[in-house]
Amino acid sequence: MNISNRNQFFQEQLLGWNQQNNTRQMPWKGEKDPYKIWLSEIILQQTRVQQGLGYYNRFIATFPTVHHLANASETTIFKLWEGLGYYTRCKNLIATAKFISQNLNGEFPDEYEEILNLKGIGPYTAAAIASFGFNLPYAVVDGNVFRVLARYFGIETATDTTQGKLQFTLLANDLLNKKQPGIYNQALMDFGAVVCKPQLPLCIDCVLSTKCKAYKNDTVDRLPVKEKKIIKKARWFYYLVIEYNGKQYVRKRGAKDIWENLYEFVLIENEEALPLEKLRELQLVKEILGSDNFEIEQISPVYKQLLTHQTIQGQFIRIKITKQLTGKGYEAFTPAEIDKLPFPKFIAAYLKDKNVSLNLF
């Protein structure tokens, strides 16, 4: 089969499957409002659909238009985002909403290059908005697309290299149905999600299997290829949950590190696990508290969060002090006020079950 016939077979079979067998339901499928498409795409970056679904529904209910989002307080938006991770997405979401609301009168740009120029939007997201919202002929290339194309065409070029990204993007655009790009793009992504899955793909029932090189050559489990291996940095965070007069001390994290703009308790970071049985004698604790006149009430079990390039481990130490904490950059908040602040997942998990302790003292 020549290249032209193989490509035509691919496109026809994919669209036929989409029309007859695709039952995958998501609230943003078929959506034409670019604001809602944009929201769904930003939320789903680095996020599974099952996890992102609830966030999307809550964002749409709370901020039905880009003006509502642009005019909301950052704390409110970050609180709604809490638990999704990759908080730079949320920061860029806020910046882009303000730009569209204030500079474009709330109208989303309808040209690919203009969409691409918006903060937080890369080629994939721009193509999704352009094709779904405005029916523009731009191919969407995500993890599902990489996988389907790599297997069907037997491509062994690594998808996480510059050469691979270019090769797959050119191929995806060559295969794109120019008359209905939005429908085609969604069909291809859905196909990768429910048929050509990462694990246990449904090859026997696959409409592309007769021409699929990976299926023919028994290389389905090897494709797509990734070249880079992620090395994770280990960090230990020990949070002092300091209470004075019914309030607890927190601060907003600054730039150039994880969890920017989110709140945290008083932090002691260490390169390795601390001997908490000697916590009272730690000079750093005395320096933070200003004296050795404090009471350790509770120490939590070890909490752990896996990030893309880091592994965060640590514990929470509840402490009562007898005089106000000053000059450390932390503010005192009541429990009700703390409930309204956005925290990283690591801390939110503790707050959810904070009565669990080791009772070491």
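The following exercises, each with a worked solution, concern a predicted model of a protein.

**Exercise 1. Confidence**

Determine the mean pLDDT of the protein, and state which helices have the lowest and the highest confidence.

*Solution.* Begin with the whole protein: the average pLDDT is 90, and 95% of the residues score at least 70. Next, turn to the helices. Confidence is lowest in helix α13, residues 283–289, where the mean is 74. The highest value, 97, belongs to helix α4, residues 66–71.

**Exercise 2. A pair of helices**

Classify the arrangement of helices α5 and α6 from the angle between their axes, and give the handedness of their crossing.

*Solution.* First, locate the helices: α5 spans residues 74–81 and α6 spans residues 88–103. Their axes come within 10 Å and cross at roughly 140 degrees. Only angles over 145 degrees count as roughly antiparallel, and α5 is therefore oblique to α6. Finally, the crossing of α5 and α6 is right-handed.

**Exercise 3. The second largest pocket**

Describe the volume and the lining of the second largest pocket.

*Solution.* Start with the space itself: the second largest pocket holds about 240 Å³. Its lining consists of 15 residues, and those nearest the centre are K29, G30, G182, I183 and Q186. Then assign the lining to elements. Two or more residues each come from α2 (34–44) and α11 (181–194). Helix α11 supplies the largest share, four residues. Lastly, sort the lining by class: four residues are nonpolar, six are polar and five are charged.

Methods
Residues numbered from 1 in each chain as written. Predicted model: local features only at pLDDT ≥ 70, side-chain atom pairs only at ≥ 80, totals over all residues. Heavy atoms only, no water. 1 Å grid on protein atoms, 1.4 Å probe; cavity = no way out; pocket = protein on both sides within 12 Å on 5 of 7 lines; lining within 4 Å. Points joined across faces, edges and corners; volume = space filled by probe spheres on them. Nonpolar A, V, L, I, M, F, W, Y, C, P; charged D, E, K, R; others polar. pLDDT = per-residue confidence, 0-100. Axes fitted to C-alpha atoms, helices over the stretch in contact; angles between N-to-C directions. Parallel < 35°, antiparallel > 145°, perpendicular 65-115°, else oblique. Left-handed = near helix turned anticlockwise from the far one by under 90°.
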